Amino acid sequence: MESRSSTYNLMRLLLLALLPLSWALKFDIQAYPGNKAAGKERCIRNFVAKDQLVVVTATVSGNRGDGQMLNLHIKDAVGNDYGRPRDVAGENRYAFTSHADAAFDVCFENILTSTQAVMNPTRHVELDIDIGADAKDWSAIQAGEKLKPVEAELRRVEELVGEVVSEMDYLRAREQKLRDTNESTNERVKWFALGTMGMLAGLGAWQIVYLRAYFRSKHLI
């Protein structure tokens, strides 16, 4: 039964590998004056493995000089900075290779630069994030290496399956690390509990001896 469940889970992962690892998100971001915009960032978070290619495509409404300035900041949770493009408008693509297994954020900040009153100043953003094999331009690879469409698709699927296998290895390593940490913690707690009980027993014995000696010195017993 357990073997059948493992096989089913593996098949699910392989089927997921055949799906594009990209997604799109649409939202509006309000513009605030410069002294208020700092705390109004909107961040989109995703996870990426080390040394994976990531392509961030941001399509922003409006134009430069229309009284709003939309700034981006791409960073990860361990302190790596992948770019700070400013005054973004139209379609923009940013590519980077991840430096660590970590979550990364794509943050948007909309600053109101117009000195005139603007009714509900906003920018519409459409964000696409492609990771790993889906971040590559397979049309260019197919043309450059003179591959047939089926060969190019098989190459893409092969890389996707490789990414799934790498992720499973990473999860297995994390599980092993967590299990080792759990066992080490349990061992330390066990010895701490035994040491505490030994100390309490020793303290109780010492108190009995001390009190007996004290009462004898006072000729109470």
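This is a short walk through a predicted model, from its strands to its long helix.

Let us begin with strand β5, which covers residues 68–76. Of its 9 residues, 8 are buried, so β5 is largely enclosed by the rest of the structure. One partner of β5 is strand β8, residues 102–112, and the two pair in the antiparallel sense over 9 bridges. If you would like a spot to click on, try L70, which stands opposite N110 in β8. On another pairing, β5 is joined to strand β6 (residues 81–83) by 2 bridges, and these strands also run antiparallel. Here K75 has D81 of β6 as its bridge partner. The hairpin of β5 and β6 has 4 residues between the strands, and G79 takes a positive phi near 105° there.

That brings us to backbone angles. Most residues other than glycine have a negative phi. Two aspartates are worth a look with this in mind. D51 is not a glycine, yet its phi is positive, about 65°. You will find D51 in the loop between β3 (42–48) and β4 (53–60). Is D51 buried or exposed? Its relative accessible area is 57%, and with the cut-off for exposed set at over 50%, D51 is exposed. The second aspartate, D87, also has a positive phi without being a glycine, in this case about 50°. D87 is found in the loop between β6 and β7 (90–97).

While you are at β7, have a look at E91, whose place is in this strand. E91 counts as exposed, because its relative accessibility is 59%. The C-alpha atoms of E91 and T59 are separated by 4.2 Å, although the two residues are 32 residues apart along the chain.

Next comes a covalent link. How many disulfides does a search of the whole structure find? The search finds 1, and this disulfide joins C43 to C107 with an S to S distance of 2.0 Å. C43 lies in strand β3 and C107 in strand β8, so the pair ties together parts that are 64 residues apart in sequence. The link of C43 and C107 is right-handed, with 110° about the S-S bond. The two cysteines can also be described by their surroundings: C43 is partly exposed, at a relative accessible area of 37%, whereas C107 is buried, at 1%. Recall that β8, where C107 lies, is the strand that pairs with β5 over 9 bridges.

Finally, follow the chain into helix α4, residues 149–217. This helix has 69 residues, and from its first C-alpha to its last it reaches 101 Å, close to the 102 Å expected at 1.5 Å a residue. Which residues of α4 are buried? They are A152, R156, L160, E163 and V164. Further along the chain, a nonpolar patch on the surface is formed by L203, W206, Y210, L211, Y214, F215 and L220. Together these residues have about 740 Å² of accessible area. One of them, Y214, lies in helix α4 and is partly exposed, with a relative accessible area of 38%. After α4 comes H219, whose phi is positive, near 55°.

Technical notes. Residues are numbered from 1 along each chain as its sequence is written. This is a predicted model: local features need pLDDT of at least 70, side-chain atom pairs count only at pLDDT 80 or more; totals for chains, interfaces and linings use all residues. Side-chain values use heavy atoms; hydrogens and water are left out. The expected span of a helix is 1.5 Å times one less than its number of residues. Buried means under 20% relative accessible area, exposed over 50%, partly exposed in between (1.4 Å probe, protein chains only). Two strands pair if DSSP finds at least two bridges between them. A disulfide is a pair of cysteine sulfur atoms within 2.5 Å. Patches are made of residues with over 30% relative accessible area and no salt bridge: like charges are joined within 9 Å, nonpolar side chains (Val, Leu, Ile, Met, Phe, Trp, Tyr) within 5 Å. Accessible areas come from the Shrake-Rupley method with a 1.4 Å probe; for residues, only the protein chains shown count as cover. A salt bridge is a side-chain nitrogen of Lys or Arg within 4 Å of a carboxyl oxygen of Asp or Glu.
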